[in-house]
Amino acid sequence: TGVQTCALPISELTSRGFSLSDFALHDTFFDSLLLMQAHENTVKQSQTYATALRQQLELEFYKKAVDESSMFVRTNTKGVITKVNDTFCRFSGYSKEELVGKTHKVISSGKHEKEFYRQLWETILNGKVFRGEICNRKKDGTLFWVDTTIIPFANEAGTVESYAAIQIDISEKKLAMEQLEVVSKAKADFSQDRKSTRLNSS
């Protein structure tokens, strides 16, 4: 009438065809089995919680990194702004209250042709990611350039419900390129003038 004993975990025992009733010959042993099962469940739950917590912390880390380094704008399918972060407000000079509920026309610079916006909308309406450089206008009238990525968000049915734009300021880069173009043009004009002078004097 000896009690069956085993050091295997409950999950291993049950996978081999045993049931708790096979080991319930003694109340103390049965209680031990229940405790072992509870311990296994607790460990699994703890591991699941730890994984979920780590993923949540990583998500918050990435969100903070984006918020600190980039401008973020979310719009509905009609182009109406529904959310902006503090970085976008700082660059544009507008408050969140002044932006939410408005379209991007409030910061439009007028620098882009209609074809540019047509291609932009055609891209995101088809559920594709748009990437490009956009010139915006601050509240004080100053222009600023942003390297822009617009990502469509679709529901389970595949219908696009909103758009998220992540933007990085590239105004200094654009200014440097413009200055370089001016210098290059000046050099080309100077060379052309010298060439014309030599031809006229010969």
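Let me begin with Glu97, which has its place in helix α4, the helix made of residues 96–99. Please keep in mind from the start that what we are looking at is a predicted model. Is Glu97 buried or exposed? With a relative accessibility of 66%, Glu97 counts as exposed, because the cut-off for that word is over 50%. If we go from Glu97 to Lys83, we find that the two are 14 residues apart in sequence, and that their C-alpha atoms are 9.8 Å apart in space.

That brings us to Lys83, whose place is in strand β2, residues 81–84. Lys83 has a relative accessible area of 46%, and so it is described as partly exposed. Which residues does Lys83 touch, once we leave out those up to four places away in sequence? They are Phe72, Val73, Arg74 and Val100. There is also a link to a later part of the chain to consider, since the C-alpha atoms of Lys83 and Ala164 are separated by 9.1 Å, although these residues are 81 residues apart along the chain.

Now let me step back to the whole chain. Its secondary structure comes to six helices and five strands, and if you follow the elements from the N terminus on, you read them in the order α-α-β-β-α-α-α-β-β-β-α. The chain has 202 residues, and 22% of them count as buried. Among the contacts with a separation of 6 or more, 40% are accounted for by residues 24 or more positions apart. As for the surface, the chain exposes about 14,400 Å², and carbon and sulfur atoms supply 56% of that area.

For an example of a buried residue, please find Thr75, which has its place in strand β1, residues 71–76. The relative accessible area of Thr75 is 7%, and because buried means under 20%, Thr75 is counted as buried. If we again set aside residues up to four places away in sequence, Thr75 touches Val80, Ile81, Thr82, His104, Ser162 and Tyr163.

One of those neighbours, His104, leads us to the pockets. The largest pocket has a volume of about 440 Å³. It is lined by 20 residues, and the ones that lie nearest its centre are His104, Lys105, Tyr117, Leu120 and Trp121. Which elements give two or more residues to this lining? They are helix α5 (114–125) together with the strands β3 (130–137), β4 and β5 (160–169).

Let us turn next to the charged side chains, where the count comes to six salt bridges. In one of these, the side chains of Glu98 and Lys139 meet, with a distance of 2.7 Å from N to O. Why is this pair said to tie together separate parts of the chain? Glu98 lies in helix α4, whereas Lys139 lies in the loop between β3 and β4, so the pair ties together parts that are 41 residues apart in sequence. Both ends are partly exposed, Glu98 with a relative accessible area of 27% and Lys139 with 47%.

Helix α5 gives us another arrangement to look at. The side chains of Arg118 and Glu115 meet in a salt bridge of 2.7 Å, N to O, and these two residues both lie in helix α5, three residues apart, which is about one turn of the helix. Arg118 also forms a salt bridge with Glu122, where the closest N and O atoms are 2.8 Å apart, and here the partners, both in helix α5, are four residues apart, again about one turn. Through these shared partners, salt bridges join Glu115, Arg118 and Glu122 into one network. Each member counts as partly exposed, with a relative accessibility of 43% for Arg118, 38% for Glu115 and 41% for Glu122.

Finally, I would like to show you a part of the surface that is nonpolar. Which residues make this patch? Val129, Ile151 and Phe153 make it, and its area is about 210 Å². Phe153 lies in strand β4, which covers residues 143–154, and at 37% relative accessibility Phe153 counts as partly exposed.

To close, let me return to where we began, with Glu97 in helix α4. The neighbouring residue to look at in that helix is Glu98, which carries the salt bridge to Lys139.

Definitions and conventions: Residues numbered from 1 in each chain as written. Predicted model: local features only at pLDDT ≥ 70, side-chain atom pairs only at ≥ 80, totals over all residues. Heavy atoms only, no water. Buried < 20%, exposed > 50% of the residue type's maximum accessible area, 1.4 Å probe, protein only. Contact = heavy atoms within 4.5 Å. Areas by Shrake-Rupley, 256 points an atom, 1.4 Å probe, with all protein chains shown as cover. Patch = residues over 30% accessible without salt bridge, like charges linked within 9 Å, V, L, I, M, F, W, Y side chains within 5 Å. Salt bridge = Lys/Arg side-chain N within 4 Å of Asp/Glu carboxyl O. 1 Å grid on protein atoms, 1.4 Å probe; cavity = no way out; pocket = protein on both sides within 12 Å on 5 of 7 lines; lining within 4 Å. Points joined across faces, edges and corners; volume = space filled by probe spheres on them.
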